[in-house]
Amino acid sequence: MLGTFTYHNPCRLHFGPEALDALAGELAGYGDSVVLVYGGGSIKRSGLYDQVMAALAAAGKQVAEISGVMSNPTVEKLYEGCAIAREANADLLLAVGGGSVIDYAKAVSVSAYCDGDPWETYYLHMDEPANKIIPVGDILTMSGTGSEMNAGSVITNHEQGLKIGHVFGSEVIPRFAIVNPELTFSVPDYQMKAGIFDAFNHIQEQYFSGTDDNTSDYLAEGLMKSLVHASRIAVADPEDYEARSNISWVCTWALNTLIACGKSTDWEVHMIGQAIGAVTDATHGMTLSAVAPAYYRRIMPYGLPKFVRFATEVWGVAPEGKTDEQIAEAGLAAMEDWMREIGVVMHASELGLTEAMFDDVVKGTFLLDGGYKKLAPEDVRAILAESM
Ligand code: NZQ
Ligand code: ZN
């Protein structure tokens, strides 16, 4: 652990089939005005909306609503929500949904009282909030992003062809999260798989950085093994509670700041994935699965010892009689076998990406230097070509 860091996660997380019972106690900690934030209707179909409204009524809250938060929430939708939150003088934003809904609630939380334009302030300039922040609490319905217990918020600006995430400070982390894995049973198969790979890649993005002996890497390996094991069971039987609960818990811990401690962290797969998302509006986790194998093959020579460790520790590759390169390659091959087995997207062309879009994706890809090799724009172009 050679890095210097401060660890602070103020989110109180309630987990399990009875987790929603904790909502009443959480609501008591806030003023009367609650803005309920949700997506395109899954919470109405599942009955969760009625349960939450009943809890809000029992707590004597005045409720305003921001509905129709889309996957990959847009800047236009952000402006709309800010007006609703200000109008309601919101004491709490209660986000009920997946990563898009929770990310969006955090964006509204910092933007409603922002003096400047929030897109420019928080996403283009990456400024930190200097204004009132409305507290956020969430009820998670789909596992993957880790948004329930982190300060990330990703917003898409289609006009500018940009999808940008801002990881805020701990003051933007939701104050409470309610995670009942049973709520994830109704997540469509494609979204469940996308969420699984999203979380797997969150772990990779942190694991594939640094060369010191670091406790975070041992935690990361355990999380990856648990996720791979549970994913196989959940894909065969989506209502296997044990598997779905392990997936939910891994997804939370994959990106709630813990395993980033002492790590420089990479995030380049996410940068490419987000740039693809900006031009295709494809499902986030699938934008990552489409490019991850080509990306990791490209950087493998620069971080070979970690790729050897990934192969032996996560995938059980036997090292005997193999060169380090062969061990590392066998690890990536095992990862790809698993990806194909659970059924994530392996080709960016399946997401609607065409060669004509490569220029925009390359331009929209931020090049970071926390991983084993800082890419050049031409590397990104080659990765896209190999991922088609
Ligand atoms: O809108 P509704 O009707 O709720 O339907 C959603 C949506 O269509 C549906 N869904 C969610 N829970 C369900 C359900 N359907 C049936 N039953 C349920 N229980 O699933 C669809 C996808 O939901 P969404 O929230 O878009 O997915 P996800 O959780 O993957 O979130 C994706 C967003 O999070 C960002 C992504 O970029 C993307 O914008 N990310 C946020 C991160 C963070 N905060 O740290 C990190 C990630 O890397 C990611 O970038
Ligand atoms: Zn992600």
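The zinc ion (ligand 2) is held by four protein donors in this predicted model: Asp198 through OD, and His202, His270 and His284 each through NE2. These donors lie 1.9 to 2.1 Å from the zinc ion. A second bound molecule, ligand 1, has 29 residues around it, and His202 also has a polar side-chain atom 2.8 Å from an oxygen atom of ligand 1.

**The zinc site**

- Along the chain, the donors of the zinc ion follow the spacing D-x3-H-x67-H-x13-H.
- Asp198 sits in helix α7 and His270 in helix α10 (residues 268–280), so that this pair links distant parts of the chain, 72 residues apart.
- Both Asp198 and His270 are buried.

**Contacts of ligand 1**

- The closest residues to ligand 1 are Gly40, Ser71, Gly99, Ser100 and Asp103.
- In the side chain of Ser100, an N or O atom is 2.5 Å from an oxygen atom of ligand 1.
- Gly152 comes in through its backbone, where an N or O atom lies 3.2 Å from a nitrogen atom of ligand 1.
- On its own, ligand 1 exposes 970 Å², and the protein buries 88% of that area.

**The shell around ligand 1**

- Helix α5 (99–111), strand β6 (152–157) and helix α7 (189–207) are the elements that each give two or more residues to the shell.
- Sorted by class, the shell has 19 polar, 7 nonpolar and 3 charged residues.
- Domain 1 (12–183) and domain 2 (189–387) each supply at least three residues of the shell.

Conventions: Residues are numbered from 1 along each chain as its sequence is written. Chains are lettered from A and ligands numbered from 1 in the order in which they are written. This is a predicted model: local features need pLDDT of at least 70, side-chain atom pairs count only at pLDDT 80 or more; totals for chains, interfaces and linings use all residues. Side-chain values use heavy atoms; hydrogens and water are left out. A residue is near a molecule or strand if one of its heavy atoms lies within 4 Å of it. A polar contact is a pair of N or O atoms within 3.5 Å; within protein, one must be able to donate a hydrogen and the other to accept it, and residues adjacent in sequence count only if both atoms are side-chain atoms. Accessible areas come from the Shrake-Rupley method with a 1.4 Å probe; for residues, only the protein chains shown count as cover. Helices (H or I, at least four residues) and strands (E, at least two) are DSSP runs, numbered from the N terminus. Ala, Val, Leu, Ile, Met, Phe, Trp, Tyr, Cys and Pro count as nonpolar, Asp, Glu, Lys and Arg as charged, and the others, Gly among them, as polar. Domain bounds come from an automatic or database domain assignment. Donors are N, O and S atoms within 2.8 Å of the metal (3.2 Å for Na, K and Ca); water is not among the atoms, so sites may look incomplete. Buried means under 20% relative accessible area, exposed over 50%, partly exposed in between (1.4 Å probe, protein chains only).
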